[in-house]
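Student: Could we go through how the terms used for this model are justified, one at a time?

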Amino acid sequence: MSESRKRATIIDVATAANVSTKTVSRVFNDEPHVRKILRDKVLQAAAELDYHPNIMARGLVGRRSYLLGLIYENPSPNYVVELQNGALDRLQGEKYRLLVLPVGSVIEVAGKIMSVLRAAALDGVILSPPASDHPGILSELRHYDFPFSRVAPTQSLDIGPCRTTDDIEASRKMTEYLLRLGHTRIGVIKGDPTHPSSGARLTGFLDALKAAGLSHSPDLIEQGYYTYESGLAAAHKLLNRTDRPTAIFAQNDDMAAAAIMAARDLGLNVPDDVSISGFDDSAIAQIVWPRITTVHQPVFDMARDATDALIAKLENKPFNMLETRACELIIRQSTAPPASR
């Protein structure tokens, strides 16, 4: 039985052709100004060694891996799918590939982000919330002049290419819609407090109440973490009381879906007994019944555009530093005027 042959490397090719590894890299990257005699020697050596270049091998020599990272902490799987799909849509037909880098906690990775990126041999990184707003991460990337773009940041929009939307305005619109239906006692399920989007969405909610001349009840605001489980627990607290709210505004669709389940657990009908609204317009908003009234946040578009800006930055092409996309109110069956009690 013959011994399996070790895979040839770019160094093996350079040695066999009696050229530098830089020359080998230039040949396989189809760079100009490589003499024909050298190109032929390299290709012949590669054929004899059965050497096949790949993205990572090119990166070892040319300091380019053609790998872009996508960092996320967001616990909502629906949100993450939209992020990935948007980035992948932009990469169709490109030489770049996407490496998804989930982190358990952005706070814990701050201060050592470059170690993570270097270990993955990335050319650039796309930051999604809350990494896209973390001052420590942004400072470290800028210190090392590492290429990055940001999805849905809410702060320091002059730092790096930003593709964002207005969470405050979107939340205000949803609250105004619930008020127009006749709801004045509205419960809120907040998102993860480490995500700036949660604070922005609460600000929009409170702004709408103030504009309508209404005060808010702190006991109608429950803490969630953008997860289904946290939304379920928070909704039970809001609904399992004699003076329950007539509507619940959950700060993402996963928690809104959980609120619908909590209402069913308590024998309540949505929207006859309680209206439920969400945020994001992720896939789950159309899967559950009743389908969820929500805010369409253009996550797919923002991720695609942030990827486009990062590629432009890497290739020294022009790009806009800031682009803001509008959110849209999507009215479905989970909301209705409050029933008289």
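**Terms and their grounds**

Student: What makes S6 and strand S8 (residues 247-250) a parallel pair?

Tutor: S6 and S8 are joined over four bridges in the parallel sense, and two strands pair if DSSP finds at least two bridges between them, so the criterion is met; within S8, Phe249 is the bridge partner of Val188. Strands here are DSSP runs of E with at least two residues, and helices are runs of H or I with at least four residues, numbered from the N terminus. This is a predicted model, in which local features need pLDDT of at least 70 and side-chain atom pairs count only at pLDDT 80 or more, while totals for chains, interfaces and linings use all residues. Residues are numbered from 1 along each chain as its sequence is written, and side-chain values use heavy atoms, with hydrogens and water left out.

Student: Why is strand S6 (residues 186-190) described as largely enclosed by the rest of the structure?

Tutor: Four of the five residues of S6 are buried, so the strand is largely enclosed; buried means under 20% relative accessible area, exposed over 50%, and partly exposed in between, with a 1.4 Å probe and protein chains only.

Student: How do you know that Ser132 is buried?

Tutor: The relative accessible area of Ser132 is 0%, so Ser132 is buried. Ser132 lies in the loop between strand S3 (124-127) and helix H8 (135-143), and its contacts (heavy atoms within 4.5 Å) include Leu127, Arg150 and Pro153, leaving aside residues up to four places away in sequence.
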